[in-house]
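Work through the exercises below with the structure open. Each task is followed by a stepwise solution.

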Amino acid sequence: MTPSEIIRLDRQNLWHPFTPNSLWLDPASHPISISSGEGAWLTASDGRRYLDGNSSIWTNLHGHTHPKMNQAIRQQLDQIAHSSFLGLTHEPAVRLAQQLLHYTQLKNQQPKLTRVFFSDDGSTAIEAGLKMILQSFAQNGQSQRTHFISPQGAYHGDTMGAMSLSHSPSFHRHFEPILFPTEKVMTPFCYRCPFNRAKPEAADARVYRKCNFECATQAEEAIHASRDRLAAWVVEPRVQGAAGMVMHPHGYATRTATAARQVGAKVMADEVLTGFGRTGPSLASHAENIVPDVLALAKGLTGGYLPLAATMTTEEIFTSFSGDPARTFFHGHSYTANPLGCAAASASIDLLESPMEIQKHTHLIQNLTFHASTFWSHPHVGDVRQEGAILAIELVSDRATRTPFSSEKRVGATICQRAREFGLLTRPIGDVLVLMPPYCTTADEVEKMAHALHQAIHQELGS
Ligand SMILES: Cc1ncc(COP(=O)(O)O)c(C=O)c1O
């Protein structure tokens with residue numbers, strides 16, 4: 001098909017996620033059709049090349065068409081593409097589970113997560129986790145524990161359970177009448193925190209904040225207030241992605257998880273985005289020194305190659321399903337533990353643990369840190385925050401007062417659209433620009449990405 005045929009037929013028959021129809025179908029817009037990729041680069045059907053500035057929606061770790069990833073998938077394909085996991089097993093799943101147990105273990109601690117339940121994506125990993133927790137409590141004589149608390153702006157996916165645990169009204173408001181009620185506490189977001197008394201500075205607001213950590217105190221109080229009925233405290237450790245790459249003050253997850261444990265509730269960590277080194281360490285929970293009772297992984301699990309998710313949990317939760325067959329976890333999906341996905345995930349974890357890839361990851365984080373500071377040259381940059389391999393640049397109409405642009409202006413979207421002309425593909429979250437490239441991205445490529453964003457900001461907002 002020619003590039004224009006692809007776009008014409010796409011517009012005629014397809015429906016894209018999180019994409020306003022009016023923009024996609026606008027004849028003046030120029031949708032891009034991707035035909036191939038290599039490393040940090042994506043090539044469009046018309047031959048143009050772009051840097052993958054958001055790792056293909058936060059999934060890709062080692063770059064596109066990595067020879068080891070491709071080889072692992074091909075080798076598995078020659079054996080079998082898929083067989084049921086209902087009452088059957090296979091080596092790729094068993095091997096991957098061993099790797100995950102090792103990878104998620106907090107150093108110098110007894111292994112706590114001992115069971116792996118596979119599903120297909122971040123939303124299903126969360127859905128499985130919340131059902132495990134509810135059924136486990138019910139089977140342990142605590143059926144009153146049905147309450148969940150999570151921070152404002154939380155995003156855990158788009159299935160009904162995941163939406164209920166989320167607090168993202170702009171995405172989920174139409175479904176609110178049928179979502180189950182959950183509780184929200186304030187977002188631990190230093191830059192826009194009503195308790196932060198510090199005047200704006202040209203630095204990550206977490207560094208110069210002046211407060212008494214009220215966000216953690218409020219969460220602890222809410223957790224204690226619902227003590228006997230609380231099923232779980234649900235948290236995206238360190239970074240709330242879809243909320244706008246909101247980066248938590250360090251220690252928030254530690255304090256809140258401790259409170260949940262004190263009242264006998266479970267801690268569910270959503271590391272769909274933050275897992276596999278995205279925030280630096282293997283897991284963001286490790287940086288907070290916590291091991292959750294339920295851990296949701298997806299996105300980077302397969303290095304961004306195939307859809308697969310894992311919900312990991314403890315022996316205690318697993319054994320609460322033992323005994324009478326009526327206690328079975330009646331939950332699963334046709335493609336649970338898909339062997340191709342498992343093979344890709346195994347290869348990805350091997351790469352994550354290889355010295356060369358560890359070095360690339362470290363260099364990427366350093367390069368992002370270097371470029372982060374350059375964005376302060378734009379007067380409309382209000383906050384620049386970084387957690388590991390995630391860099392977020394929040395644009396504001398007035399830096400001194402932290403006043404946002406009016407949402408109708410769609411400043412973030414316009415700038416990212418403009419960045420395409422300079423060879424960068426990334427998606428904003430509102431007016432937060434995001435750079436989170438694959439770990440293989442070289443210093444030169446990071447420089448190109450940063451340059452593209454600078455040019456785009458300059459063209460849209462002046463200097
Ligand atoms: C923290 C978090 N949890 C869950 C999800 C849902 O994952 P998926 O889109 O794979 O269903 C996302 C997606 O962005 C996410 O960022």
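**Exercise 1.** Identify the polar contacts of the ligand in this predicted model, counting N or O pairs within 3.5 Å.

*Solution.*
- Step 1: Start with the backbone. An N or O atom in the main chain of Gly122 sits 2.9 Å from a ligand oxygen.
- Step 2: Turn to side chains. Ser123 places an N or O atom of its side chain 2.6 Å from an oxygen atom of the ligand.
- Step 3: Look at the ligand nitrogen. A polar side-chain atom of Asp270 lies 2.6 Å from a nitrogen atom of the ligand.
- Step 4: Add the area. The ligand alone exposes 390 Å², and the protein buries 84% of it.

**Exercise 2.** Describe the shell around the ligand by residue class.

*Solution.*
- Step 1: List the neighbours. Trp58, Asp121, Gly122, Ser123, Tyr155, His156, Gly157, Glu236, Asp270, Val272, Leu273 and Lys299 surround the ligand.
- Step 2: Sort them. The shell holds four nonpolar, four polar and four charged residues.

**Exercise 3.** In what order do the three strands of the open sheet run, and which helices lie across them?

*Solution.*
- Step 1: Read the order. It is 13-14-16, with antiparallel pairing.
- Step 2: Find the edges. Strand 13 (381-387) and strand 16 (432-435) each pair on one side only.
- Step 3: Take the twist. It averages 15° from one strand to the next.
- Step 4: Check one pairing. Strand 13 and strand 14 (residues 390-395) share six antiparallel bridges. Glu387 is opposite Ile390 of strand 14.
- Step 5: Place the helices. Helix 15 (residues 355-372) lies across strand 13, strand 14 and strand 16, at about 165° to strand 13. Helix 17 (residues 443-461) lies across strand 14 and strand 16, at about 160° to strand 16.

Note on methods: Residues are numbered from 1 along each chain as its sequence is written. This is a predicted model: local features need pLDDT of at least 70, side-chain atom pairs count only at pLDDT 80 or more; totals for chains, interfaces and linings use all residues. Side-chain values use heavy atoms; hydrogens and water are left out. A residue is near a molecule or strand if one of its heavy atoms lies within 4 Å of it. A polar contact is a pair of N or O atoms within 3.5 Å; within protein, one must be able to donate a hydrogen and the other to accept it, and residues adjacent in sequence count only if both atoms are side-chain atoms. Accessible areas come from the Shrake-Rupley method with a 1.4 Å probe; for residues, only the protein chains shown count as cover. Ala, Val, Leu, Ile, Met, Phe, Trp, Tyr, Cys and Pro count as nonpolar, Asp, Glu, Lys and Arg as charged, and the others, Gly among them, as polar. Two strands pair if DSSP finds at least two bridges between them. Helices (H or I, at least four residues) and strands (E, at least two) are DSSP runs, numbered from the N terminus. Axes are lines fitted to C-alpha atoms, for helices over the stretch in contact, and angles run from 0 to 180 degrees between N-to-C directions. Contact means heavy atoms within 4.5 Å.
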